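Here's a quick walk around one helix and a small cavity. Have a look at the model first, then read on.

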Amino acid sequence: MADFPQYLDVDYTDGEGESPEDYPALEDKIEKAIEVTKTGLQEYENPAVMWTGGKDSTLTLYFVKEVAEQYDLELPPTIFIDHFQHFDELIDFVEHWADEWDLEVVYARNDDVGSLADDPGDEIRVEDLNEQNQHHVRNILEYEDDTFPFLLDTYVGNHLLKTVALNNALEEYDIDGIISGIRWDEQEARADETFFSPRHDPDIYPPHDRIQPILQFEERDVWDAFWNFVVPETVEDYPAGHVPQDYDDLPNDLTHEDIPVSPKYFAGFRSLGSEVSTDKSAEEPAWLQDLEGTTERAGRAQDKEDLMARLRDLGYM
């Protein structure tokens with residue numbers, strides 16, 4: 001792909017200056033998601049789907065699967081960043097639905113960092129890292145301490161465990177477009193993103209584009225899409241529009257294993273970042289909580305959230 005991105009015909013300004021209010025109905029948001037997804041699957045030679053097992057990336061994966069089937073396009077592989085600090089239930093969820101949906105999953109890991117710690121919070125010496133990771137710590141992050149904690153939700157930890165792992169996978173598999181489930185309303189650092197977002201600086205990451213079909217969705221829209229479309233269309237005997245009212249409210253003898261929604265959301269989590277630093281935000285299922293009046297990531301450690309703009313400049317999703 002030496003001529004990347006010249007062979008692409010995408011509009012990098014699509015979505016510029018827009019917000020969820022420009023797509024007032026759920027049907028408007030879905031129509032745009034399908035349009036962006038179709039363009040992504042047709043224009044890129046080696047696309048992949050960023051899949052975390054969370055609600056946004058699973059909704060994005062749903063659109064990819066539907067568009068690929070409808071237009072007879074190849075279903076791309078998924079990339080799952082294994083940062084060593086996931087909830088066990090999330091790993092189980094990804095493995096189960098990868099099997100159910102016959103997905104190819106690429107597990108992106110920074111094994112060099114993972115091999116230097118036994119438990120979250122362990123201190124890792126910078127001098128013990130390999131050359132690539134030392135370069136990122138010293139020259140890119142400009143981190144000066146001798147050690148850093150093996151924790152996901154910190155500046156160094158997030159970059160090494162997620163961004164470096166992702167960029168290595170993009171390079172190894174020659175990915176030119178990564179289909180990502182980020183949203184405008186999720187964080188201030190993402191509010192100016194466009195549906196096709198270039199990442200072309202070879203000094204920071206392997207040149208690629210971010211394809212972002214659900215920018216226009218708000219948290220409420222994501223759950224409305226799940227209970228009206230995703231779940232009833234992928235789960236036999238699930239009645240469209242049935243919204244579970246508690247952890248066990250599943251109709252027709254269905255179980256959590258039958259539903260492509262992580263059980264953690266049923267248990268009150270609204271974000272599934274890390275088992276070390278993410279707590280449930282309430283006892284009721286995520287979609288029944290005050291989504292408009294409270295912060296979606298309130299259960300996450302805020303040191304990483306406060307650094308989001310800098311992390312995104314370095315290639316974070």
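Just past α3, D102 has a positive phi of about 55°. This is a predicted model, where local features need pLDDT of at least 70, side-chain atom pairs count only at pLDDT 80 or more, and totals for chains, interfaces and linings use all residues. Residues are numbered from 1 along each chain as its sequence is written, and side-chain values use heavy atoms, with hydrogens and water left out.

Now the helix itself. α3 (residues 88-100) has 13 residues and spans 18 Å from first C-alpha to last, close to the 18 Å expected at 1.5 Å a residue (that is, 1.5 Å times one less than the number of residues). Here's who sits where, with buried meaning under 20% relative accessible area and exposed over 50% (1.4 Å probe, protein chains only):

| Group in α3 | Residues |
|---|---|
| Buried (under 20%) | L90, F93, V94, W97, A98 |
| Exposed (over 50%), on the face turned away from the buried side | D88, D99 |

The buried residues of α3 cover an arc of only 120° around the axis, so they lie on the same side of the helix; the arc is taken from the directions from the axis to the C-beta atoms. They pack against α2, β2 (78-81) and β3 (105-108), with contact meaning heavy atoms within 4.5 Å.

F93 also turns up in the lining of the second largest cavity, along with residues including K55, W223 and Y265. The lining counts 6 nonpolar, 4 polar (Gly goes in this class) and 1 charged.

How values were computed
1 Å grid on protein atoms, 1.4 Å probe; cavity = no way out; pocket = protein on both sides within 12 Å on 5 of 7 lines; lining within 4 Å. Helix = DSSP H or I, 4+ residues; strand = E, 2+ residues; numbered from the N terminus.
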